[in-house]
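User: Hey, can you walk me through this one? I'd like to get my bearings before lab meeting.

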Amino acid sequence: MIAVFMETRDGKIKKSSLEALAEAGRRAGELHVGTAAVLVGAAGGGTAGLEACGPDRIFCLEHPALAAYSSQGFAKALRDFVGETGPAALFFAATAMGRDLAPRVAAGLGAGLASDCTKIAVKNGGLEFTRPVYAGKAYLSFTVRSTPVVATLRPNVFPLDAPPAGAAPEVVRKSVDIPDGLIKGRVAEVLKEESSEIDVTEADVVISGGRGLKGPENFGLLRDLAALIPRAAVGASRSAVDSGWIGHQHQVGQTGKTVSPNLYLAVGISGAIQHLAGMSSSKVIAAVNKDPEAPIFKVADYGVVGDLFEVIPRLKEELKKVLAE
Amino acid sequence: MNILVFVKRVPDTESRIRIRHETNSIIEDGLNFAASTYDEFAVEEALRLKEAKGGTVRVVCVGRDEALPVLRKCLAMGADEAFLVKDEAPETYDGLRTARVIARAVETKFAGADLLLFGKQAVGTDNGQVPSMVAELLGLPQANVVTRLEIEGNAGTALREIEGAAEKVVFSLPAVVSAQKGLNEPRYETLKGIMAAKKKEIPVIKLEDLGLAAGDLEPQIVITGLDVPPERKAGKILQGDPAETARGLAALLHNEAKVV
C-alpha cells in the first residue's frame, strides 16, 4: 500500500495533497498495491470530496489534541499508523507542513526520506525518486533502502488526472494515543497576509518582477496583470526583495522559493544564475526585458525585448481581450 | 542560554554545477565554498540571543577539514567556541545519517543545550530534513522556516512561513529552530573578531567517539544518477513596437502555449 498524508487548510484538502494521491495511484497501479488517504485531526473530521479522488481506503487518525497542527502530535499519529498498517511508502505534499512533518515521521521510523521529488518511477519492483538539488542546477535520482520509504512531492508538478471510477473507499476511523506531555510545541495561531494572494509555489501562473521595476510602487503593474489570470501570483527576484520593494515570501530563486508553474513571466529580471535555478522547471517561461543580451532570454520560450513600462500595460489590455473570448 | 548552532560548508550560490558521472558527485575543483546562507541567519540569531540574555554560543559542523574556515568565520562573527565533527564521507544527500550524527553528538558532547539552531535547509542538498529529524531523535519540539523568534524564560514563540500566511508556533525549551531569510541581517566579522578567531582552537570530534549504533552511518539513500537538467531551447523573441509585441506575446501565450 502507498499511503498519502492529506493536508487540510480551513477544513479543505489541499490541491497539492490530491496531486500526491494521484501520483500514488499511478505508481501503486504499477506495483499492484492499494492506496490509502490519511487524515489527521480532531474526531469526526470530514472526508468530503476525497471519496471521488480514488483512494482504496481513507484513514482518519483522531484525537482532540490534533485539532491544531503540532509536528510531534501528527508524527505520533502517522508513526502509529505505519506500525499498524505497514505501507510500502508514505507520501506527503512538499508544502510548508509536509516539509516540517515528513522528516519527523521518517526519523521516528528510521526511514529514508526523499524530499521535494519531481519524478517517481517504478524500477526493479521498487520506487526510484528524482529531485532537484543545488536549487535545480542538478537532478539527483535514487532509491531508498528502508521500508517504508517516506517522500515529499513538489506541488504543481504531478498531474491531477481523473481517477478511475471504482468502489467507494472504505473509511476507517482510528483513535490516536497521545500521552500527556508528548506535544511540547504547537501552532497557536495562523496569521494570514492581508492580501489573500496565492503563494508562488502553488500558483499556476507566476508573474515576477526584478530590478527593472525601479521601485516598490511598480509591482502594482504586475498585481494588476495577475488579477486578470486565475490562480496567478506575484513573484520577485532577490534584488527586488533585498531592496525592500516586496516581502521575502515572494522571492523566487536559490535563497527563495523554487516554483514550477504552467507559466513564469519574468518582468525586468536579467536572470542571474540563482534566479534561473528557482524557476527553470516552469513549463513555459516568458520574459520582458529591455536588454536583448539578458540571460533570461536564453531560457525563455517567449521573449519581448522592450521597455516593461510600455509593454506590460499593453499586455494587460491584450490579455483582457483574449481571456474575454 | 546555552545555544548550539549547526552549520554546513556548501558551494556558494553562484556556483555552476558540473557532474563527475563515474561517482555521481559534483566536481568541486574551481568552486567557492562557504557556510550555507541560512546557517548565517542561525548564527546571527544565536549571537543576538546571547547579547540579550547572556550564555554561550557554540557552533558545530559535521564535515571534512575543509570546513574549518567556515567555523573560523563563525568564531569571527562572535561565537564562543566551534567544533568540527569529522566526517570524511562524500556528500550522501541523506538527512537521516547527518541527523543521527548530530543527535548523538548533542547527547554525548553538548548535553544541556537550551536551543539548537539550524538553517532551514543546506543550500545544495536542499533537503530541509535535518532540523526536524534531530528534534524527533532527541524528543524536542521544533519550529522550522522561522522569520521571528522570541525566547521568554523557558518558552519560545516563533513565526514560521507557510503558504500565504505565517504560523505562530509556541514551544517549550529545549527546542530545535531553523532559520529562514528575513529572521535577521547577519553581521560582518570585525578585524578584531577575525584576529581573535585565528587564535582559537577548534576541537575535532571523531565519529567513533559518539557511540553511534551499527548502521547509523549507512545512508538510506542509494544514488542512481546525478545530472544537470537539459538546457532549455532559446525561444521566440519579439522586438519592436510595444503595442505589437504585447499583442504578439498575448497571442502566443493564449493560442500556442495555452497557458492563459
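Analyst: Sure, we can go through the domains, the chain contact and some of the strands; keep in mind that this is a predicted model.

User: Cool. What domains does chain A have?

Analyst: The domain assignment splits chain A into domain 1, covering 2-175, and domain 2, covering 205-324. Taken over C-alpha atoms, their centres are 32 Å apart.

User: And how many residues of each are in contact?

Analyst: Eight from domain 1 of chain A and eight from domain 2 of chain A. On the domain 1 side, that's three nonpolar, three polar and two charged residues.

User: How many residues does each chain put into the contact between A and B?

Analyst: Chain A brings 79 residues and chain B brings 75 residues. The chain A side has 37 nonpolar, 21 polar and 21 charged residues.

User: Which strands pair across the two chains, say for E10 of chain A?

Analyst: Strand E10 of chain A (residues 138-144) runs antiparallel to strand E14 of chain B (residues 221-227), with six bridges joining them. One residue pair to look at there is Phe142(A), whose bridge partner is Ile223(B).

User: Switching topic: what's the order in that 10-strand sheet?

Analyst: It's an open sheet with mixed pairing, and the order is E13(A)-E11(B)-E10(B)-E9(B)-E12(B)-E8(B)-E1(B)-E6(B)-E7(B)-E13(B). The edge strands are E13 of chain A (185-192) and E13 of chain B (204-206). From one strand to the next, the twist averages 30 degrees.

User: How do E9 and E10 of chain B pair, parallel or antiparallel?

Analyst: Antiparallel, over six bridges. Glu150(B) sits opposite Thr157(B) in E10(B).

User: Where does helix H4 of chain B lie?

Analyst: Helix H4 (residues 130-138) lies across E8, E9 and E12 of chain B, at about 60 degrees to E9(B).

User: Back to chain A. Is E17 buried or exposed?

Analyst: Mostly covered: six of its six residues are buried. Val284(A), Ala286(A) and Val288(A) are buried on one side, and Ile285(A), Ala287(A) and Asn289(A) on the other.

User: Why do they split like that?

Analyst: Because side chains in a regular strand alternate between the two faces of the sheet.

User: Which strands does E17 of chain A pair with?

Analyst: E16 of chain A (residues 263-267) pairs with E17(A) in the parallel sense over five bridges, with Leu265(A) partnering Ala286(A). Between E16(A) and E17(A), the chain crosses through helix H6 (residues 273-279) in a right-handed β-α-β crossover. E18 of chain A (residues 302-305) is also parallel to E17(A), joined by four bridges, and there Ala287(A) has Gly303(A) as its bridge partner.

Technical notes
Residues are numbered from 1 along each chain as its sequence is written. Chains are lettered from A and ligands numbered from 1 in the order in which they are written. This is a predicted model: local features need pLDDT of at least 70, side-chain atom pairs count only at pLDDT 80 or more; totals for chains, interfaces and linings use all residues. Domain bounds come from an automatic or database domain assignment. Two residues are in contact if their C-beta atoms, placed from the backbone, lie within 7 Å. Ala, Val, Leu, Ile, Met, Phe, Trp, Tyr, Cys and Pro count as nonpolar, Asp, Glu, Lys and Arg as charged, and the others, Gly among them, as polar. Two strands pair if DSSP finds at least two bridges between them. Axes are lines fitted to C-alpha atoms, for helices over the stretch in contact, and angles run from 0 to 180 degrees between N-to-C directions. A residue is buried if 20 or more other C-beta atoms lie within 10 Å of its own, exposed if 12 or fewer, and partly exposed in between; C-beta atoms are placed from the backbone. A crossover is right-handed if, with the strands pointing away from the viewer, the path from the first strand over the helix to the second runs clockwise.
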